[in-house]
Amino acid sequence: MGLTNSTRRKLSLLIITAILCTFLAFIFLLYTERITIISRFKLNCPKRNSADDRALESDSIDNPGDDILDFDPDECSVNHGEWMFNSSIKPLYTDRTCPYIDKQYSCIKNGRNDSYYLHWEWKPDDCMLPRFDPEVALRKLQGKRLMFVGDSLQRNQWISFICLVESVIPKDKKSMKRGRVHSVFKAKEYDATIEFYWAPFLVESNTDIPIKSDPKQRIIKVDSISQRAKNWLGADILVFNTYVWWMSGLKTKALWGEFENGEAGYEELETAVSYRIALRTWANWIDSTIDPSKTKVFFTTMSPSHQKNKEWGNVNGIRCFNETRPVTKKGHWGTGSNKEMMNVVASVMRRMKVPVTVLNVTQLSEYRIDAHTSIYGELQGKLLTDEQRADPLHFADCIHWCLPGVPDTWNQLLFAYL
């Protein structure tokens, strides 16, 4: 007996419904799996907003324009990361193209024949640093005074900053005036200055000018800063440092008051104690004098020295001499960086009223045993002789840095914060 027309129609409808439901279920499963995959992928992607994504579609990440990469210091710990080798990196300058580099930092020009140290990039673990863009940096400095204040390592950073920007300024639109204490580079087209003020202890001492090479003769006026600090007034951006001159290995001769009664009456203090007193003097001046709505204040942490090659496992080495690679061990920390002194900086900053941005360069610089001037620098204003170069144990400079080099990364951080 055959099926009626009504029954056949009902059966066809059931089959079509079953097929449709199966198809929809299949589509749903595909969609769900796709969402899951996408979600997993996004967890591993760097944080960028939609504007970043649109910008990156039309521009290479290697050449970011103004604010293409959104750097958030609250979400980025720049001292945690690693140095990545990139042979395609070309420094923005060389020690031959930048006319302002002191001989002390001109390693290639002074005979260093390897350039491997020029091709390392600092990569923080949880963010991306914007590349230094000289035109953007100069626009940020339009009509402003940027002043670096501190010791020869701060001068290292100052010269680095000038060399990073000077190539985009026409020759007749820039000038340099050097002084024993205060030096000024002018970018006339931008009505901007990039200045350096020599103050190795920040507070006053008997060894600023002329320099006393024997640490035993140095006396620091730990409570006096006004004679130096009056020259910092009017700067829009102040970048301070002080560390290496404190680390002579001796107790500090600290004096209260002025030198009007001679140098008698000083007191010998442990270095960390006198360092704390001096930083409090500096902090009190900042809090009582600086208007944070007009002036930004930065403090560059200690730059490490690399004197003991056994600390990074090179038992047959001689200090930093002939090192050609960074240390790869995560968290490497040598005796050239004093944690007690770093804790003093942190404790003083916490008590300040005026906000101070800390440029934490210590850990990233700790890895760079390869980037010091070593035997390719100066001693008391003169290049090392062949005899001195043959004796790196006594003459290698494992404190200062070649330029181009590590201070360019310090300024990359400063650029990001600006």
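**Notebook: loops, helices, hollows**

Started at P210, which I find in the loop between β7 (204–205) and β8 (220–221). I note at the outset that this is a predicted model. What I wanted at P210 was the peptide bond before it: from I209 to P210 the bond is cis, and I read omega near -5 degrees.

Then I went looking at P404. It sits in the loop between β17 and α11 (406–417). The bond from L403 to P404 is also cis, with omega near 0 degrees. A reminder to myself on why I bother to log these: most peptide bonds are trans.

**Positive phi**

Next I checked backbone angles. Most residues other than glycine have a negative phi, so I look twice at the ones that don't. D191 is such a case: phi is positive, about 50 degrees, and the residue is not a glycine. I place D191 in the loop between β5 and β6.

R319 is my second entry, with a positive phi near 50 degrees in a residue other than glycine. R319 belongs to the loop between β12 and α7.

Is D191 buried or exposed? I get a relative accessible area of 57% for D191, which is over the 50% cut-off, so I log it as exposed. And R319, buried or exposed? Here the relative accessible area is 14%, under the 20% limit, so R319 goes down as buried.

**Helix α6**

I moved on to two threonines in α6, which covers residues 271–289. T271 is in this helix, and so is T281.

T271 first. Its relative accessible area is 15%, so I call it buried. Leaving out residues up to four places away in sequence, I list W246, M247, L250, T252 and M341 as the residues T271 touches. How far apart in space are T271 and T252, C-alpha to C-alpha? I get 5.5 Å, for two residues 19 apart in sequence.

T281 comes out buried too, with a relative accessible area of 13%. With the same sequence neighbours left out, T281 touches V203, V222, D223, S224 and I225.

**Helix α7**

M341, one of the contacts of T271, took me to α7, where it is among the buried residues. The others I list there are M342, V344, V345, S347, V348 and M349. What do these buried residues pack against? I find α6, β12 (296–300), β13 (356–359) and α8 (362–366).

I checked the length of α7 as well. This helix takes in residues 339–350, twelve residues in total. From its first C-alpha to its last I get 17 Å, close to the 16 Å expected at 1.5 Å a residue. At the start of α7 I also looked at N338: one of its side-chain oxygens comes to within 2.9 Å of the backbone nitrogen of E340.

**Empty space**

Last stop, the hollows. Rolling a probe the size of a water molecule over the atoms shows where empty space is left.

How many cavities of 30 Å³ or more does the structure hold? I count one. The largest cavity has about 50 Å³ of space. Its lining is D151, L153, Q154, N241, Y243, V244, T300, T301, M302, S303, V361 and W410. I sort that lining into six nonpolar residues, five polar and one charged.

The largest pocket contains about 1500 Å³. I log 48 lining residues, and the ones nearest the centre are Q104, S152, W245, I399 and H400. Which element gives the largest share of this lining? That is β17, with four residues. Elements that supply at least two residues each include α4 (152–166), β5 (182–187), β6 (192–198), β15 (378–379), α10 (392–395) and β17 (397–401). By class I get 17 nonpolar, 20 polar and eleven charged residues in the pocket lining.

**Whole chain**

To close, I took the totals. The protein chain has eleven helices and 17 strands. Of its 418 residues, 48% are buried. Looking at contacts with a separation of 6 or more, I find that 76% join residues 24 or more positions apart.

Note on methods. Residues are numbered from 1 along each chain as its sequence is written. This is a predicted model: local features need pLDDT of at least 70, side-chain atom pairs count only at pLDDT 80 or more; totals for chains, interfaces and linings use all residues. Side-chain values use heavy atoms; hydrogens and water are left out. On a 1 Å grid over the protein atoms alone, a cavity is a set of points where a 1.4 Å probe fits but cannot get out, and a pocket is an open set with protein on both sides within 12 Å along at least five of seven lines; lining residues have an atom within 4 Å of a point. Grid points are joined across faces, edges and corners, and a volume is the space filled by probe spheres set on the points. Ala, Val, Leu, Ile, Met, Phe, Trp, Tyr, Cys and Pro count as nonpolar, Asp, Glu, Lys and Arg as charged, and the others, Gly among them, as polar. Buried means under 20% relative accessible area, exposed over 50%, partly exposed in between (1.4 Å probe, protein chains only). Contact means heavy atoms within 4.5 Å. The expected span of a helix is 1.5 Å times one less than its number of residues. A polar contact is a pair of N or O atoms within 3.5 Å; within protein, one must be able to donate a hydrogen and the other to accept it, and residues adjacent in sequence count only if both atoms are side-chain atoms.
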